[in-house]
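Work through the exercises below with the sequence and the model side by side, and try each task before reading its solution.

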Amino acid sequence: MAIETPPTSTSSASSASSASAAPAALAVTPVPPRLSGRARLVLFVLCAAQFMVALDFSVLNVALPVLGRDLGLSTTGLQWAVTAFALPSGGFLLLFGRIADLYGRRRLFLAGLALFGAASLLATLAWDPASFLAGRALQGLGAAVIVPTGMSLLTTTFPEGPLRDRALGISGTLLSLGFTVGMVAGGVLTDTLGWRSTMGLLAVASLGVLAVAPRALEESRTADRPRLDVPGAVSVTGGLLALIYALTTAAERGFGGADVVVTLVLGIVLLGAFVVVESRTAAPLVSLPMLRRRTVAFGNLGGLMTFSMMSTVVFVLTLYLQEVLDLSPFATGLVFGVQGLLSVVAGLFAPRVIGRIGARRTLAVSLLGQGLFIGVLLGLGTESGVWLATVAVSLASMCHLGAIIAYGLTVTSGVPDEEQGLATGLVTTTQQVGLTVGIPLLGVLATTQESLFAGVRTVVAVAAAILLAAGALVATGLRRG
């Protein structure tokens, strides 16, 4: 709908004959398709929504201590300020991705924006811990609607090739930038206007996107209307919720608690039941043959590794810079500000790299590069390391950005429009689960060693090893595909 291509003219028989006799060097090179004004508007709306959700993951972090004192939240309650958002945002992605395929991506996207905005307003005006946590949970539910529907609208609007590469490159860049801007903006807003302004910013942003989106987006859904796979939806949503709860709670109290063990086992059982249900239903929520595609399986493996390891490294580096080197929160934010700027640069060049060597090779190379530069962080010291940390994490982040774009392209390539919601639901679920599980699984190592510095080194070494292994595995798996 939104793609413009240069006009072509028909030739007479004589001119065609002349052209066939012309030297090959004089052949006209096709001009690549250009984005129409409407396509640019669509891209702006979808990327703005993606940026807004990414901002929400980080903008509140710096404000949590002040927020806790204001609302009377304990340390455990502050953990729930993050968990209340992560549970629904990760647990409901596949379900809403499929609902959007069946009943309209535009319709659900707009509903998600409205819910996210209302929830942000509730969190802004929160009068006690319960009202704030309710706002955070509803924000997560809105994000679970926005992310898969926005990605589906993007991949169905822009066809495979340079246009989709470019669109996903811009989207991935803004995703990474949103995390970085959130870390810096959170500190500035909290110091000047108070913690409520961090949530108010999200309410205003969602209102702005919602004002433009109805005019920019066209409805998109599958041609047929199969029945929704309710047993599959219940089992996968319940499984993801239980698993995310177990891992986030374990990050705070360890894996010995009864609630952690019960929910961890419950999550595994429900996800196992989901696989059984999907193999027997006529209209599955997730197509198992799709999961058996090498591009889908290994692409999502790469995505899971790049998100989980990068989020964990950023977490432990924040502890290192402030607790070991005694940097202020503002100075720490500047370190990650450099990281964000270089991620933008990587986002501009990643589509060109993908155009030269392909998305699959770019994914494998990016994972290997990310692991290599994270390994460089083993050179950090207890008295110095700011510059090494800044350079190494920025270069690792550039590779991370390349991996984000490449894995999205790898997973969604070759998937028909009627299954794009399923494919992008897997992409975004991988993203959210990666962001959620990395810190509980590895971050706890940073706080359980004989010293924080020793814990940081352990996490860095493990993360680097995992990424290098994942890069080699992805390269092998996709080469055979």
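Accessible areas are obtained by the Shrake-Rupley method with a 1.4 Å probe, and for residues only the protein chains shown count as cover. This is a predicted model, in which local features need pLDDT of at least 70 and side-chain atom pairs count only at pLDDT 80 or more, while totals for chains, interfaces and linings use all residues. Residues are numbered from 1 along each chain as its sequence is written, and side-chain values use heavy atoms, with hydrogens and water left out.

**Exercise 1.** Describe the accessible surface of the chain and the share of its residues that are buried.

Solution. The accessible surface comes to about 20,000 Å², and 67% of that area belongs to carbon and sulfur atoms. Of the 481 residues in the chain, 54% are buried (under 20% relative accessible area, with a 1.4 Å probe and protein chains only).

**Exercise 2.** Find the residues with the most contacts inside the largest nonpolar core, and the element that gives the most to this core.

Solution. A nonpolar core is a set of buried Ala, Val, Leu, Ile, Met, Phe, Trp, Tyr and Cys residues joined through side-chain atoms within 4.5 Å. The largest has 60 residues, and L317, Y320, L321, L363, I374 and L377 have the most contacts inside it. Helix α13 (helices being DSSP runs of H or I, at least four residues, numbered from the N terminus) gives the most, with 13 residues.

**Exercise 3.** Which residues of α15 are buried?

Solution. Helix α15 covers residues 359–376, and its buried residues include L363, L367 and I374, along with G369 and Q370.

Definitions and conventions
Helix = DSSP H or I, 4+ residues; strand = E, 2+ residues; numbered from the N terminus. Expected span 1.5 Å × (residues − 1). Buried < 20%, exposed > 50% of the residue type's maximum accessible area, 1.4 Å probe, protein only.
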